Amino acid sequence: MAETFDNAGAGLLDPLAGVDLTAFFESEAAVGPEGAADSDATSFDVSPFESDAWFEFSEASAPADAFAELCSALDAAESAQFEVNWAMAAHLDAVARALALAARQPGLYLRGHACAGSDAAELAVRAAAAELSMRLQVPAGTIRTRAHEATVLQTRLPGVWARFVDGVAGYVDARVAVDAAAGFGAGDARLAELDDALSSVIGTVSTARFRQRARTVRAGLERDRLEVRHTRAFAQRRVVVEHVDDGMAWVSLYTSQVDAARVWARLDATARRDVGAADEPRNLDQLRADAAVAWLAGDGTPSAARAEVIVTVPVLSIAGVDTAPGMLDGVGPIDVATARQLFADAPSFLRLAVDPITAAPLALDRTRYRPTKAQRLWLTLTHGRCTRPGCDRLAISADIDHQIDWQHGGATNADNLSPACRGDHRLKHASQFTHTKNRDDTVTWLSPTGRAYTDPPPF
Ligand SMILES: [Zn+2]
């Protein structure tokens with residue numbers, strides 16, 4: 001981002017040559033998992049160039065050619081934004097068409113026996129979503145969400161869709177509109193009212209204000225249904241863990257405002273009790289975070305977490321001879337100090353020391369149909385995730401799939417086994433995708449459309 005600006009505005013920025021401008025452009029970047037969307041909010045309603053006052057100001061303080069260059073950079077930024085919006089609408093439309101086609105013609109993806117099943121359309125849609133997921137490196141769930149968004153916009157909010165296709169409205173705002181339409185059936189007369197209200201403001205105010213507006217319009221349309229909406233939303237409550245850089249992660253809890261307020265009140269009171277004490281160096285944020293972790297993990301209670309999180313640590317690192325990093329299953333490398341500590345005294349972790357040269361953990365039992373615990377462990381460790389390219393589900397909760405089916409002579413040894421999440425395991429047997437396990441342990445999925453997909457080897 002900084003680079004583009006530097007090039008486009010080279011003439012303007014000469015006095016700043018060599019100055020790192022990154023901080024200027026990133027200073028408003030959102031930090032949390034939420035909020036990134038709002039920082040993109042754009043307002044087109046006022047153009048500074050139409051104001052006479054600016055010219056008076058400019059004569060006194062900047063040359064005319066600099067002003068012209070500024071105008072051209074601003075125009076370029078604006079028209080590129082319109083193109084991004086238009087292109088995203090085109091993308092959504094194409095995704096929706098591909099999935100709808102698969103639903104109408106399951107035989108495009110499924111084998112004969114699977115086409116006859118009552119869930120053939122659903123399986124075929126899943127196959128099409130898997131294919132796009134592999135092409136675009138986007139989770140299959142996201143692909144299906146986009147198809148759903150396109151369908152809602154095209155069939156229920158045609159006014160909003162038109163603004164999106166025109167490039168006036170952005171994807172983030174379009175999604176806000178889709179959310180606002182949730183729960184209104186296709187024939188619901190209130191949809192037209194909602195569409196009118198939203199399409200008249202979308203793209204003319206910031207995302208935050210548009211969201212507020214959408215909420216207000218929606219509430220007005222269903223004064224008597226707020227409770228129903230809350231009940232439906234509350235049924236979606238969940239906890240999400242998102243791994244980010246520097247060995248950190250976000251734990252997000254989606255719950256009712258009342259429960260969130262109770263949680264916050266207790267965390268805050270606990271932190272305020274301790275902050276500022278003579279032997280307490282942590283600030284309020286840190287104290288609240290530490291208290292939340294301790295309570296959620298159940299530290300010191302009989303129900304303390306016993307999840308099977310796998311940590312591998314090279315033997316020499318444990319002994320302190322080497323500093324090769326450990327691996328947290330499905331997440332990636334963790335620093336040696338943390339790995340060593342987990343290995344030494346964390347009973348809730350499944351620990352495995354690996355050979356420092358080959359990283360091979362265990363000898364395997366190759367004689368039975370069911371994978372042994374050791375094989376399952378080994379496969380989980382070597383793959384980390386589901387082996388369908390582009391799928392991010394953790395291997396530890398996946399099925400162990402026979403690459404060549406057991407009934408077709410496939411052996412239960414590690415060469416013929418690979419983890420596949422439940423959905424992809426099912427898809428593999430029902431669809432015409434063919435699969436090859438490669439020497440480097442990756443699996444290639446060949447689509448009936450002729451395209452082959454392979455992820456790079458894990459880690
Ligand atoms: Zn999967």
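## Strands β9, β10 and β11

Let's start near the end of the chain: strand β10 (residues 443-446) and β11 run antiparallel and are joined by three bridges. Strands here are DSSP E runs of at least two residues, helices are H or I runs of at least four, and both are numbered from the N terminus. Two strands count as a pair if DSSP finds at least two bridges between them. Across from T444 you'll find T454 in β11.

Zoom out a little and you get an open sheet of three strands, in the order β9-β10-β11, with antiparallel pairing. β9 (434-437) and β11 (452-454) are the edge strands, each pairing on one side only.

## A word on the model

This is a predicted model, where local features need pLDDT of at least 70 and side-chain atom pairs count only at pLDDT 80 or more, while totals for chains, interfaces and linings use all residues. Residues are numbered from 1 along each chain as its sequence is written.

## The whole protein

The protein has 19 helices and eleven strands. Of its 459 residues, 23% are buried; that takes 20 or more other C-beta atoms within 10 Å of a residue's own, whereas 12 or fewer makes it exposed and anything in between partly exposed, with C-beta atoms placed from the backbone.

## The nonpolar cores

A nonpolar core is a set of buried Ala, Val, Leu, Ile, Met, Phe, Trp, Tyr and Cys residues joined through C-beta atoms within 7 Å. The largest one has 46 residues, and A127, A128, L153, V160, A177 and L198 have the most contacts inside it. Helix α7 (residues 120-136) is the top contributor, giving nine residues. Domain 2 (77-224) and domain 5 (373-454) both supply residues, so this core lies between them; the domain bounds come from an automatic or database assignment.

Take L153 as an example: leaving out residues up to four places away in sequence, it touches V160, W161, F164, A174 and V178. Touching, or contact, means that the C-beta atoms, placed from the backbone, lie within 7 Å. There's also a second, separate core of nine residues, with C386, A398, L417 and C421 among them.

## The β1-β2 hairpin

β1 and β2 make a hairpin with five residues between them, and D246 in the turn has a positive phi of about 65°. Strand β1 (residues 238-243) pairs with strand β2 (residues 249-254) in the antiparallel sense over six bridges. One of the bridge partnerships links V240 with S252 in β2. β1 is hardly covered: zero of its six residues are buried.

Conventions:
Contact = placed C-beta atoms within 7 Å.
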